[in-house]
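Please look through the structure shown here before reading on. The notes after it are grouped by topic, so that each can be checked against the picture.

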Amino acid sequence: ERRGATVRVGFNLLYLNPGPVTGTEVYATWLLRAIAAAPGPREPLLILRPSSRDWGPPELAAWPRVTVPGTHVHPAARVALEASVLPVLARRWRLAVLHSLGYPGPWWGRTPSVVTVHDTNYADVLGGTLKGRLLAQAVPRAMAHARAVIAVSHFAREALGRRRPWVRPRTVVIPHGPGAVEEAG
C-alpha cells in the first residue's frame, strides 16, 4: 500500500451473541477501541450476525458494518458459513485483510487473513461436545490459511504450538489490553 493510503480491514465478529459478555467480546471491544483511537487512515468494516448488528462501544458507532444472513443458526452452520462465504464477501468488499477475532475464520481465499486464537479450550475442554469437535476441525484450518495467528499470551502460544507445531512460525503474542482485565473481572 502507498504511504498514507487508506486500508480496508474487515473484523470478523460473527461469533458474538447477544447476551452475557464473554472474554472474547471484551477482547474485541478493547482491541477495536484502541484501533479507533489510533491515528492514521483506515476504513474498518465490522462483520456481524444479524442479531448483533448494533454491537459495540460508542467509539465504533460510526464504523460501517455488514451482517451476514444465516449466521444466527447453530454454531456448526455459522462456522461453515464463516469458512465458505467470508472469502467471497471479503473479495467483494475489497478488504486488504480480514481479522477473525474469535477462533475460526476462512479456510481459503485470496484476501490475507489473521486469526486470534485465545486458548485451546475448544479442544481441551469442549473436545467431547459437538461444538468442540467442530472447532477442533475449523480452528486448525483457519490457522493454516491465515498469514498470522495471534495468541493472547505466551501460554496460549505454547499450547497452540504443542497441538499444531507448524503454526509456531506464524504465531505472535499480543496480550489483552490492560483495561480488558478490569472489565472482564
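The points below move from the overall fold to the cores, and then to single residues and their contacts.

This is a predicted model, and its protein chain contains seven helices and seven strands. Buried residues account for 43% of the 185 residues in the chain.

**Overall fold**

- When the protein chain is read along its sequence, helices and strands follow one another in the pattern β-α-β-β-α-α-β-β-α-α-β-α-β-α.
- If one takes the contacts between residues at least 6 apart in sequence, 58% of them join residues that are at least 24 apart.

**The nonpolar cores**

- The largest nonpolar core has 17 residues, and those touching the most other members are F11, L13, L32, L46, W55 and L101.
- At least two residues of this core come from each of β1 (7-12), α1 (23-37) and β2 (42-48), and α1 gives the largest share, with three residues.
- Apart from residues up to four places away in sequence, F11 touches L32, I35, P44, L45, L46, I47, W63, L98, H99 and L101.
- A second core, separate from the largest one, has 14 residues, among them L135, A138, M143 and A156.

**Two helices and their buried residues**

- Helix α1 has 15 residues and spans 21 Å from its first C-alpha to its last, which is close to the 21 Å expected at 1.5 Å a residue.
- The buried residues in α1 include T24, E25, V26, Y27, A28, T29 and L32.
- Helix α5 (residues 130-145) has 16 residues and reaches 23 Å from its first C-alpha to its last, close to the 22 Å expected at 1.5 Å a residue.
- In α5 the buried residues are G132, L135, A138, V139, P140, A142 and M143, and of these, L135, A138 and M143 are also among the members of the second core.
- As general background for reading such lists, an α-helix has 3.6 residues a turn, so residues three or four places apart point the same way.

**Aromatic rings and charges over them**

- The count of aromatic pairs comes to one, and this pair is formed by F11 and W63, which are stacked with 6.1 Å from centre to centre and 25° between the planes.
- Because F11 lies in strand β1 and W63 in the loop between β2 and β3 (65-67), the pair ties together parts that are 52 residues apart in sequence.
- Both partners are buried: F11 counts as buried because its relative accessibility is 4%, and W63 counts as buried because its relative accessibility is 11%, where the cut-off for buried is under 20%.
- The charged end of R141 sits over the ring of W107, at 4.6 Å from its centre, while R33 lies over the face of W30, at 5.2 Å from the ring centre.

**The buried glutamate E82**

- Is E82 buried or exposed? With a relative accessibility of 1%, E82 counts as buried, and its place is in helix α2 (residues 75-84).
- The side chain of E82 makes a polar contact with the side chain of N12 at 2.7 Å, and another polar contact joins the side chain of E82 to the side chain of R78 at 2.4 Å.
- When its neighbours within four places in sequence are left aside, E82 is in contact with N12, L14, P87, P104, G105 and P106.

Note on methods. Residues numbered from 1 in each chain as written. Predicted model: local features only at pLDDT ≥ 70, side-chain atom pairs only at ≥ 80, totals over all residues. Heavy atoms only, no water. Core = buried A, V, L, I, M, F, W, Y, C linked by side-chain atoms within 4.5 Å. Buried < 20%, exposed > 50% of the residue type's maximum accessible area, 1.4 Å probe, protein only. Helix = DSSP H or I, 4+ residues; strand = E, 2+ residues; numbered from the N terminus. Contact = heavy atoms within 4.5 Å. Polar contact = N/O pair within 3.5 Å; in protein donor to acceptor, adjacent residues only side chain to side chain. Phe/Tyr/Trp six-rings, centres within 6.5 Å; stacked < 30°, edge-to-face > 60°. Lys NZ or Arg CZ within 6 Å of the ring centre and 35° of its normal. Expected span 1.5 Å × (residues − 1).
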